[in-house]
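Dear colleague,

Please find below the sequence and structure that I am handing over to you. My notes on the model come after it.

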Amino acid sequence: MHKPIKQIHLAAHFPGVNNTTVWSDPSSGSHIEFDSFVRFAQTAERGKFDFMFLAEGLRLREQGGEIYDLDVVGRPDTFTVLAALAAVTEHLGLAGTINSTFNEPYEVARQFATLDHLSAGRAAWNVVTSWDAFTGENFRRGGFLAEDQRYERAESFLSAARALFDSWRGDEVVADKDRGVFSSDARAGTFAHQDAHFDISGRFNVPRSPQGRPVIFQAGDSDRGREFAASSADAIFSRHGTLTEGQTFFGDVKRRLAKYGRRHDELLILPAATFVLGDTDAEAADIAHDVRLAQVSPATAIKFLEQLWNRDLSDHDPDGPLPTVDPIVGENTIARGRASVRMYRDPVATANEWRARAEAQQLTTRELIIEVTGRQNFIGSADTVAESINHLVQSDASDGFILVPHVTPGGLDPFVEKVVPLLQERGVFREEYGGRTLRDHLGLKHPDLASSISRLDVG
């Protein structure tokens with residue numbers, strides 16, 4: 001019996017402020033002006049992508065007491081950008097990261113339910129937690145939460161939000177334009193959620209959204225994070241984009257679904273992936289080499305080094321060997337802010353691994369940093385990249401990919417123009433959208449409720 005051919009899911013991440021972006025490229029544009037977001041989103045929609053994804057930073061990163069270089073443009077609010085994009089797109093899903101550690105369920109549920117109405121059912125929420133007390137200083141409750149407490153709060157937060165989303169009951173809402181009134185049997189039911197983290201009750205003030213409730217994404221890679229995704233998420237972002245690692249992660253997470261009464265197709269695995277295209281594989285490899293050099297300048301290499309070593313290394317030669325001194329173990333006081341500090345459970349062991357790798361391959365500090373921070377998953381001609389993506393998906397290493405271009409906002413254009421048609425020719429990617437909502441795009445069922453209300457139809 002032949003295994004059925006899987007349809008590939010594609011999404012696009014607006015990279016914003018991170019070391020993926022090549023700022024020196026002449027075609028690089030603004031990361032905060034609305035025109036950049038519009039071009040990026042409309043390109044993704046032209047390519048029939050499932051959704052566009054925005055990350056979120058709740059505090060500017062710091063290194064050595066100064067704002068991190070890549071944060072100087074700031075970080076716009078996720079909800080505001082996605083709501084504005086709802087008006088200039090028609091089919092593209094709109095996904096945003098919103099933190100469960102420093103927000104409140106009623107507020108977040110209200111914002112996502114509103115976005116789902118504004119977009120006619122295209123909203124998605126990436127539920128994340130935060131371990132970073134530095135970020136917490138911006139919030140009233142602030143402080144540090146241990147990993148188990150972070151996930152307990154996240155699970156409680158999501159449970160409360162779902163109670164809010166599902167609290168409205170009734171028949172379809174119909175708008176009578178001539179009389180200027182709504183005719184509906186829909187009603188706001190009561191909600192209540194009480195546990196160690198939240199004690200809330202009342203009536204939710206946003207009607208049932210067009211796709212029942214927003215699609216839920218999750219990005220945790222720890223055992224607790226994987227379990228959280230298996231129990232509660234519709235899709236999980238993964239950092240495992242290679243065949244072997246991808247298949248291992250895919251199998252592990254999918255196996256966890258049965259205990260929650262869920263099928264394999266009820267949770268999608270979507271790794272983030274960069275790409276570099278050329279007319280030939282050799283040309284693409286040359287371009288990729290230049291891109292990595294631009295992404296990891298000598299100064300950037302030192303910053304990455306300091307994040308592991310937890311000490312000032314501004315006098316270190318990036319073209320020389322790694323430091324002989326060991327990292328300082330304990331609280332990282334050099335790099336502050338979750339997005340800039342890589343979590344190394346054993347910094348000294350990691351430093352020794354880097355030294356061994358550098359010695360074996362005869363790498364300088366900068367060359368080593370380029371190696372260990374590399375994220376170029378797909379490099380080659382359009383045909384090579386299309387075949388690589390299809391092979392990974394058909395081999396159950398993923399259900400698709402979230403593409404992260406190295407130039408914003410135009411870096412997605414070559415993929416849409418050259419790779420997407422090849423995937424369509426192979427019959428593994430849609431030529432047109434088959435539904436209206438993000439759940440339709442992702443092949444996810446709508447929440448099963450005894451009674452719900454559909455999209456407001458105001459003509």
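The notes below cover the annotated positions, one helix and one pocket.

Please bear in mind that this is a predicted model.

Annotated positions. The unreviewed UniProt entry lists Thr97, Tyr151 and Ser222 under "binding site". Tyr151 belongs to helix α5, which spans residues 147-165. The residue counts as buried because its relative accessible area is 6%, and the cut-off for that class is under 20%. Beyond its neighbours within four places in sequence, Tyr151 is in contact with Thr129, Gln218, Gly220, Ser222, Arg224, Gly225 and Phe228. Two of the listed positions, Tyr151 and Ser222, are therefore in contact with each other in the model.

Ser222 and helix α6. Ser222 is found in the loop that runs between β13 (215-218) and α6 (223-232). Its side chain reaches the backbone nitrogen of Gly225 at 3.1 Å. Gly225 is itself one of the buried residues of α6, along with Arg226, Glu227, Phe228, Ala229, Ala230 and Ser232. The helix is thus mostly covered, with seven of its 10 residues buried. Gly225 and Phe228 of this helix are also among the contacts of Tyr151.

Second largest pocket. The volume of this pocket is about 340 Å³. Its lining is made up of 17 residues, and those closest to the centre are Arg213, Asp234, Arg262, Glu266 and Lys445. By class, the lining holds 10 charged, four polar and three nonpolar residues.

Yours sincerely

Conventions. Residues numbered from 1 in each chain as written. Predicted model: local features only at pLDDT ≥ 70, side-chain atom pairs only at ≥ 80, totals over all residues. Heavy atoms only, no water. 1 Å grid on protein atoms, 1.4 Å probe; cavity = no way out; pocket = protein on both sides within 12 Å on 5 of 7 lines; lining within 4 Å. Points joined across faces, edges and corners; volume = space filled by probe spheres on them. Nonpolar A, V, L, I, M, F, W, Y, C, P; charged D, E, K, R; others polar. UniProt positions renumbered as here; feature names shortened; annotations may be inferred. Helix = DSSP H or I, 4+ residues; strand = E, 2+ residues; numbered from the N terminus. Buried < 20%, exposed > 50% of the residue type's maximum accessible area, 1.4 Å probe, protein only. Contact = heavy atoms within 4.5 Å. Polar contact = N/O pair within 3.5 Å; in protein donor to acceptor, adjacent residues only side chain to side chain.
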